[in-house]
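Subject: Structure for you to look at

Dear colleague,

Please find below the structure that I promised to hand over, together with its sequence. Once you have had a look at it, read on for a careful account of what was found.

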Amino acid sequence: MSAENITSFNKLYNEYYDRFVRFANVYVRDAAIAEDIAVDALMYYWENRQSISDESNIPAYILTMIKNKCLNHLRHLHIR
């Protein structure tokens, strides 16, 4: 990973991580799980960012992933 990529990821992470965790926590009501979901969504976005349009609203895209991951988690808990 180049220094430019690291800087870009750090900027994204530092700017949005807390908001993403709070958003996830509204759904799952567990801080540790909310953190895991937020990190998973950030990492998924980062690993697949080349396949996403440059005109996309990145924070909204990640929030949508977080919402879906939270709903999947809750669905999994309900099934168990």
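To begin with one residue, in which helix is the place of aspartate 36? Aspartate 36 lies in helix H2, which covers residues 31-47; helices (H or I, at least four residues) and strands (E, at least two) are DSSP runs, numbered from the N terminus.

Before going further, please keep in mind that this is a predicted model, in which local features need pLDDT of at least 70 and side-chain atom pairs count only at pLDDT 80 or more, while totals for chains, interfaces and linings use all residues. Residues are numbered from 1 along each chain as its sequence is written, and side-chain values use heavy atoms, with hydrogens and water left out.

**Confidence and overall layout**

The average pLDDT of the protein (the predictor's confidence in each residue, from 0 to 100) is 94, and 99% of the residues score at least 70. Confidence is lowest in helix H1, residues 3-28, with a mean of 95, and highest in H2, with 97. Where pLDDT is low, the predicted coordinates should not be read in detail.

The protein contains three helices and zero strands, so that the pattern read along the sequence is α-α-α. Its C-alpha trace spans about 45 × 20 × 20 Å along the principal axes. Of the 80 residues, 29% count as buried, where buried means under 20% relative accessible area, exposed over 50%, and partly exposed in between (1.4 Å probe, protein chains only).

**Contacts between distant parts of the chain**

Phenylalanine 9, in helix H1, is buried because its relative accessible area is 15%. Its C-alpha atom is separated by 7.5 Å from that of tryptophan 46, although the two residues are 37 residues apart along the chain. Tyrosine 17 is also found in helix H1 and counts as buried because its relative accessible area is 14%; the C-alpha atoms of tyrosine 17 and valine 39 are separated by 7.9 Å, with their positions 22 residues apart in the numbering.

Leucine 63, in helix H3, is partly exposed, with a relative accessible area of 28%. Leucine 63 and phenylalanine 20 are 6.8 Å apart in space, C-alpha to C-alpha, and 43 residues apart in sequence.

**The loop and the surface**

Arginine 29 sits in the loop between H1 and H2 and is exposed, because its relative accessible area is 69%. The phi of arginine 29 is near 55°, a positive value in a residue other than glycine. Most residues other than glycine have a negative phi.

Two surface patches were found. Patches are made of residues with over 30% relative accessible area and no salt bridge (a side-chain nitrogen of Lys or Arg within 4 Å of a carboxyl oxygen of Asp or Glu), with like charges joined within 9 Å and nonpolar side chains (Val, Leu, Ile, Met, Phe, Trp, Tyr) within 5 Å. A negative patch is formed by Asp30, Glu35, Asp36 and Asp40, and aspartate 36 counts as partly exposed because its relative accessibility is 48%. Leu71, Leu74 and Leu77 make a nonpolar patch of about 200 Å²; leucine 71, in helix H3 (residues 58-79), is partly exposed, with a relative accessible area of 31%.

With best wishes

Technical notes:
Accessible areas come from the Shrake-Rupley method with a 1.4 Å probe; for residues, only the protein chains shown count as cover. Lys and Arg count as positive and Asp and Glu as negative; His and the chain ends are not counted. The place of a charge is taken as NZ of Lys, CZ of Arg, CG of Asp or CD of Glu.
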